[in-house]
Amino acid sequence: MSENGKNALVSQHYRSVCLVVDEMHPSLHEMLQAIGVDIHYQPNLTAAEVPVALAAFPYDGLMVRSKLRITADLLAHGPHLRYVARAGAGVDNIDEPALASANVTLLNAPEGNRDAVGEYALGLLLALFRNITRADYEVRQGQWRREANRGEEIGGKIIGLLGYGHMGRAFARRLSSFGCTVLAHDIDPNCVPDDFATLVSLAELQARAEVLSLHIPYSPANHHFVNQGLLTQFSSAIWLLNTARGEVLDHAALIAGLQAGSVRGAALDVLENERLGALTLEQQARFEFLSSAPNVVLSPHVSGWTHQSYARINEVLVHKIGAFLTSRPGELAGS
């Protein structure tokens, strides 16, 4: 049976009801309706109000971005839940063992913003190599410093990717026309090579890479995975990019590397604490160093955030929800 036929079968016989608690692209309503899902769109709910809403109605699905943590306590308020849809790639705000214990399926959408992240990582690398942000600032201040802003070319460089999932592959694909060598390390034994990167051990990555780009998800096991011990094992000074999660990088170790010259520059789209009004004293000191360093580029977690990815995430999630409902229709509360 075709995919459209399967979705039509779900639509005819079963109605799932999904609570959506974050802002989504306006295409979501029509797309969910087409696969037999009614939407209760309440993006103005606070995190504290979500458990009350779940308890008040037998929702089959819950769709979120990053407004709240999905915990065992939250799931207890939604006994009819069968799936949680995360509009985005990262699932660090979701307790996956709690979902498994409650027999709730997790659906996320890394395919929706991987192209945006791949493009942005390339932009960060160019900004670092060619001093784009610094040169822009200086010209606006009336300074015309050509020699001080002489840059590096990507061609001929060895780019190391830590993590080779959707995001790492998207970046590698975009690097393929620059005449550079791309190495990737991933701990997933099922990670397969492709035409855009060579899979290597971490030791080989450290021995050869001139650029380190982070593409690993955050988990307790990955907290500060990139630390002083890891950074000091690189054979040459590196440039560092982070479009993954701020917590996978030990910012104190990064600053030590920048001060020592073992890190030549850094471009960070994510920080250890992105609530800039609630930094600890230590975090504030590190942020002040990074924000004043001429060889550091900062941006507000926007690598995956484009007009196109905003809509594409809907497409990916709706497809996955439709496949889930088709495979497990008898479990829906309204069936």
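Helix axes are here lines fitted to C-alpha atoms over the stretch in contact, and the angles between them run from 0 to 180 degrees between N-to-C directions. Helices (H or I, at least four residues) and strands (E, at least two) are DSSP runs numbered from the N terminus. The model is a predicted one, in which local features need pLDDT of at least 70 and side-chain atom pairs count only at pLDDT 80 or more, while totals for chains, interfaces and linings use all residues. Residues are numbered from 1 along each chain as its sequence is written, and side-chain values use heavy atoms, with hydrogens and water left out.

A good place to start is helix α6 and its two partners described here. The axes of α6 and helix α13 (residues 307–327) come within 7 Å of each other and cross at roughly 155°. That angle makes α6 roughly antiparallel to α13 (the term applies over 145 degrees, with under 35 counted as roughly parallel, 65 to 115 as roughly perpendicular and the rest as oblique). On the α6 side, P110, E111, G112, N113, D115 and A116 meet S309, R312, I313, V316 and K320 of α13, where contact means heavy atoms within 4.5 Å. Sorted by class, this contact has four nonpolar, three polar and four charged residues; Ala, Val, Leu, Ile, Met, Phe, Trp, Tyr, Cys and Pro count as nonpolar, Asp, Glu, Lys and Arg as charged, and the others, Gly among them, as polar.

Turning to the other partner, α6 (residues 110–130) packs against helix α8 (residues 166–175) at an angle of about 50°, with their axes 8 Å apart. The two helices are therefore oblique to each other. Their crossing is right-handed, meaning that the near helix is turned clockwise from the far one by less than a right angle, with anticlockwise giving a left-handed crossing. The contact draws on residues of α6 including P110, N113, V117, A121 and L125, and on H166, M167, A170, F171, R174 and L175 of α8. Nine nonpolar, three polar and five charged residues make up this contact of α6 with α8.

N113 of helix α6 deserves a closer look. At 11% relative accessibility, N113 counts as buried (buried is under 20% relative accessible area, exposed over 50% and partly exposed in between, with a 1.4 Å probe and protein chains only). Not counting residues up to four places away in sequence, N113 touches A89, M167, G304, S309 and I313. P110 in turn lies 7.6 Å from G90, C-alpha to C-alpha, with their positions 20 residues apart in sequence. G90 is found in the loop between β4 (83–86) and α5 (96–101) and is buried, at 16% relative accessibility.

Two loop residues stand out for their backbone. N131, in the loop between α6 and α7 (132–140), has a positive phi of about 55° although it is not a glycine. H301, in the loop between β12 (296–298) and α13, likewise has a positive phi, near 55°. N131 is buried at 13% relative accessible area, whereas H301 is partly exposed at 32%.

Finally, the cysteines. The structure holds zero disulfides, a disulfide being a pair of cysteine sulfur atoms within 2.5 Å. The sulfur of C180 is 18 Å from the closest cysteine sulfur, in C191, and so too far for a bond. C180 is buried at 17% relative accessibility, and C18 is buried at 0%.
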